[in-house]
Amino acid sequence: MPPISSPPLGAILAVSGVTKSFGALRAVDNVSFAMAPGEILGIAGPNGSGKSTLFNAITRIPFDMDAGIVVFEGRQVQNLPAHRLAALGLARTFQRETVFPSLSAVDNVIVAIEQTKRGGSLRRNVLLAEQALDIVGFPATLHNWRAAALPVFLRKLVMIAGAIALDPKVLLLDEPASSLTPDEIDRLRALIRQLREMGLAILLIEHVLELLTGVSDRLMVLDQGRVIALGEPAQVVRDPQVVEAYLGVAP
Amino acid sequence: MMSFDTFVAVASGGLALGAIYALMAAGLAAVWTTLGIFNFAHGAFIALGAYIGWQIADAEAAGLGLAAGVVGAFVGLFVIGILFHLALVRPFERRPDIVTACVITTLAGAAICESAINLIWGPRSKQLGQLARGEVDLGVFRLPVSDLVLIAVVGATLGTLGWFLSRTRTGRAMRAVSQNREAAELMGLDVPRLYALAFGLSAAIAGLAGIFVGGLRFMTPTMGTDPLMKALIVVILGGIARFTSPIYAAILVGFVESFSNYYVGLYWTPAVLFAMMIVVLFLKPSGLFGHHQRTL
């Protein structure tokens, strides 16, 4: 069996040498990794270790990286604008439930569908939006509720449904479990597994370690902007460097 | 006590003024809600619209008639608005101090536009023709046809804009991007294009307003300053909960201005309007029809 920590052959997303500084602070420092199609790659790390900054730099929302290469499906994409990346199939979500508050749940998703080649007549778009909401398990009775009136978990589902509606091949989830209850985290875990069954590769930032190690095929740990471990989750969480980064002491 | 005829004349004048302010405020609010900046060149866009319209319409210039002037001002200002956005707003888009930066760049843009008008058309005032002549007799009272045409054109323009924002793909995308830029990017929207489009549309509507202002008053390079101030009052007074809220406020401001001109006097009218605005800000800081959430 080949070592799991090696970058998979035929990677769908390969990132190399990504660096982003804010003034003197190197938030992301020369980060490289690759993902196989259908893989779930977890990203862990203490607060301020550069996880979200890495997502922001890869997707160019809301800023660009200073240096680095992003290869998506064999094509360099680091210079493409954000909406082109989304159209190619690289979608992301945010840690906060980022939705259009005054639009209904279904209209939120329709806005996403209208940007894709799949979009067509309004009736067809409504159908596709309802499909995306069904996939994430959003209750059908609340489709026409304004997003602002929905509880956090449902707003997160609307956001994920919007990302899925773009028909992505790689989905970047930024701390989807933050501010959720244990029951909701269970539903989220099932959803992440279901998305993988549908063939999506998922890059998952998460603080809830138990969720992260439970669904990830491989785990990458960042500390002070650098990759300090990458490999099978069970091994990575025992890595002395990882333990030190999290607890501040050597075991 | 004013006679009934005077009352009708003052009221219809107020409605016509309100219609122009509604047009201006809608354009100003479109940029404010989508890009989150205040465009101080909006008044200069009005002047440019009037002068471009004059160049096309007036017998001393191209002489193609007022209808061609309206189309020319609309299209011309759409293009100018997009160029303006690319040159003076886009470069600062990702900066945290974009609001302050754009106060300066749009003020500079206004000065450039006014100087350009001075260079091209000279400082001597001009006037655009009325949209229509004569009065229509409604039995009980008579109304100037030009006021009716003005109100109809503004109504049609704002109605089309409302339809565009709520019923078309691009319009929905513009409403979406005005609510949350990051969500828009997440959903795959081309945010820079939508921003440019919002700016272009806003300028085009200002150009249209310029034609009307140029028909009511003499045209000078700084003719947009006063309507800009009124539009600012309208936007603050009405709030910007939705696309329609500045429209009601604009009609209110038009009426108040018209009656205040008659009763209190021309020079006191700005004071009356600002006093009204201050009282509203005290009682309801988000504006009469406002909401804390900004959205188109």
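Biologist: Why is H2(B) called oblique to H3(B)?

Modeller: Helix H2 (residues 42-57) and helix H3 (residues 66-88) of chain B pack at an angle of about 140 degrees, with their axes 8 Å apart. Angles under 35 degrees count as roughly parallel, over 145 as roughly antiparallel, 65 to 115 as roughly perpendicular and the rest as oblique, so H2(B) comes out oblique to H3(B). The axes are lines fitted to C-alpha atoms, for helices over the stretch in contact, and angles run from 0 to 180 degrees between N-to-C directions. Mind you, this is a predicted model: local features need pLDDT of at least 70, side-chain atom pairs count only at pLDDT 80 or more, and totals for chains, interfaces and linings use all residues. Residues are numbered from 1 along each chain as its sequence is written, chains are lettered from A and ligands numbered from 1 in the order in which they are written, and side-chain values use heavy atoms, leaving out hydrogens and water.

Biologist: How do you know how many residues of the contact of H2(B) with H3(B) are nonpolar, polar or charged?

Modeller: Contact means heavy atoms within 4.5 Å. Phe45(B), Ile52(B) and Gly53(B) are among the H2(B) residues involved, and H3(B) brings in others, including Gly72(B) and Phe84(B). Ala, Val, Leu, Ile, Met, Phe, Trp, Tyr, Cys and Pro count as nonpolar, Asp, Glu, Lys and Arg as charged, and the others, Gly among them, as polar. That gives eleven nonpolar, five polar and no charged.

Biologist: Over to chain A. What makes E6 and E10 of chain A edge strands?

Modeller: They belong to an open sheet of six strands, ordered E6-E7-E8-E3-E9-E10, with mixed pairing. Strands (E, at least two residues) and helices (H or I, at least four) are DSSP runs, numbered from the N terminus. Two strands pair if DSSP finds at least two bridges between them. E6 (90-92) and E10 (226-231) of chain A each have a single partner strand, so one side of each lacks a neighbour in the sheet.

Biologist: How do you know that E6(A) pairs with E7(A)?

Modeller: Three bridges join E6(A) to E7(A) (residues 170-174), and the two run parallel. One bridge partner is Val170(A), for Leu90(A). Three against a minimum of two: paired.

Biologist: And what area do chain B and chain A bury between them?

Modeller: About 2100 Å², 61% of it on carbon and sulfur atoms. Buried area is the accessible area (1.4 Å probe) that two parts lose on being put together, summed over both. Arg172(B), Leu186(B) and Met187(B) supply 34% of chain B's share, more than any other three residues.
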